[in-house]
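This report describes a sheet, the helices that lie across it, and the enclosed and open spaces of the model. Please consult the sequence and the structure shown below.

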Amino acid sequence: MTPAPVARSSLPLVGPGVDSLPLIGASGTLSVCGSGVLCSVVLAARDEEARIETTIRRLLAQEGVQLEVIVVDDRSLDGTREILRRLAKGDARVTVKRIELLPEGWLGKCHACHVGASVAAGDWILFTDADCWLKPDVIARALLVAEREGADHITLTPGVAPETPGGRAWHLAFLLTLADWISGVNRDRPKRYLGLGAFNLVRLPAYRECGGYEALRLTVLDDVKLGLLLRRSGKRTRAFIGGNDAECYWGATAPAMMKVMEKNYFAALEYRTGVAMGLGIGGTLFWGVALAGPFIGTAAGIVAGAALLSLSLPAGILARRLGWSWSAAVLVPFIYPALFYAVVNSAFVTLRQGGVCWRDTFYPLDVLRAGTLR
């Protein structure tokens, strides 16, 4: 079989250690496709009628790679089921699995990913979100990078289209918090790991060997902890800024991002209340002191203020690469109190509820604390 040419992406590189997925020229091809490499794409869908059809059609239009698309309908109550039936009938590459009841001891998404992965037949398996739209060459480029780097895992940060300057500033700050982790995994630092739900591409044997979603059954941050499982198994990860390579539809404004992160931030801290309060309150106080520093008139105060405002520089580089205006980068130093508040809010909401409500199912906090992967 002759591999199809892979189109050039428009997103340029960001910088050493923290890059976008490398480009392939118009004449470039993915040599591994000539060997019949198959990629199994697994989607866990729950009430996704608004975007699921476009998501799947974009997957089926991927260039330079053979695909099977496994969609797990996780108890959807809207029109998702009918859309999936029609798509599967129209293309033999689409397989639909329907879940009616969630087994005891599983989070819904983790169980859906486990079900999809259990029937995957590919050399690689891609876990992506049901509302994430991929560029037509992105899987091929990821496979090319994996082949070149000897990597078992390629992950991309989610790209979004924020509707407000505050939303753009939040996402730039979020990417800055990930920068050290991205750089760390790309330099194979022993304690660095990462995985992101928008695009987690794993060699299928590596996925099976590390334990996969069977080991993540009660882990809210399943995407990140998949990276931890792979690291512990001695597998190599490469992480990249996704930009418009992986366009997701969530968190278009700063308040929306706070809502999205209600179940995530406390989970990221392994449900440690003291750590959450210390980070949220201490971080806010530190930010306030740095902001007030230049007005104190001391050299230390001026340096502290300058250090805070200097966050606009790397944020500006990211904004430029993502095609956003510099105005969002200027706001980044002032968005951090919202991030610290989101940490405290995540802890407060989880503790008040006594657990997490996700995909219309409630999971008690003691169950999550006992079941999360550490």
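The lining of the largest cavity comprises four nonpolar, two polar and two charged residues; Ala, Val, Leu, Ile, Met, Phe, Trp, Tyr, Cys and Pro count as nonpolar, Asp, Glu, Lys and Arg as charged, and the others, Gly among them, as polar. The model is a predicted one, in which local features need pLDDT of at least 70 and side-chain atom pairs count only at pLDDT 80 or more, whereas totals for chains, interfaces and linings use all residues. Residues are numbered from 1 along each chain as its sequence is written, and side-chain values use heavy atoms, with hydrogens and water left out.

**The cavity and strand 4**

One cavity of 30 Å³ or more is found in a search of the whole structure. On a 1 Å grid over the protein atoms alone, a cavity is a set of points where a 1.4 Å probe fits but cannot get out, and a pocket is an open set with protein on both sides within 12 Å along at least five of seven lines; lining residues have an atom within 4 Å of a point. The largest cavity holds about 50 Å³ of space, a volume being the space filled by probe spheres set on the points, which are joined across faces, edges and corners. Its lining consists of Ala44, Lys109, Cys113, Phe127, Thr128, Asp129, Gly197 and Tyr213. Helix 3 (108–118) and strand 4 are the elements that give two or more residues to this lining, and strand 4 gives the most, with three residues. Helices (H or I, at least four residues) and strands (E, at least two) are DSSP runs, numbered from the N terminus.

Five aromatic pairs are found in the whole structure. The ring centres of phenylalanine 127 and tyrosine 207 are 5.4 Å apart and the planes meet at 45°, so this pair is tilted. The pair links distant parts of the chain, since phenylalanine 127 lies in strand 4 and tyrosine 207 in helix 6 (residues 204–210), 80 residues apart. Rings of Phe, Tyr and Trp (its six-membered ring) pair if their centres lie within 6.5 Å; planes under 30 degrees apart count as stacked, over 60 as edge-to-face and the rest as tilted.

**The sheet**

Seven strands form an open sheet in the order 3-2-1-4-7-6-8, with mixed pairing. Strand 3 (94–99) and strand 8 (237–240) are the edge strands, each pairing on one side only. Two strands pair if DSSP finds at least two bridges between them.

| Strands | Sense | Bridges | Residues opposite |
|---|---|---|---|
| Strand 4 and strand 7 | antiparallel | four bridges | isoleucine 125 and valine 202 |
| Strand 6 and strand 7 | antiparallel | three bridges | threonine 155 and asparagine 200 |
| Strand 6 and strand 8 | parallel | four bridges | histidine 153 and threonine 237 |

**Helices across the sheet**

Helix 2 (residues 80–90) lies across strand 1 (38–45), strand 2 (66–74) and strand 3, at about 150° to strand 3. Helix 7 (residues 222–232) lies across strand 4 (124–129), strand 6 and strand 7 (200–203), at about 25° to strand 7. Contact means heavy atoms within 4.5 Å; axes are lines fitted to C-alpha atoms, for helices over the stretch in contact, and angles run from 0 to 180 degrees between N-to-C directions.

**The second largest pocket**

The second largest pocket has a volume of about 200 Å³. Of its 15 lining residues, Gly159, Val160, Gly243, Leu322 and Trp324 lie nearest its centre. Helix 5 (residues 165–186) gives the most to this lining, with three residues.
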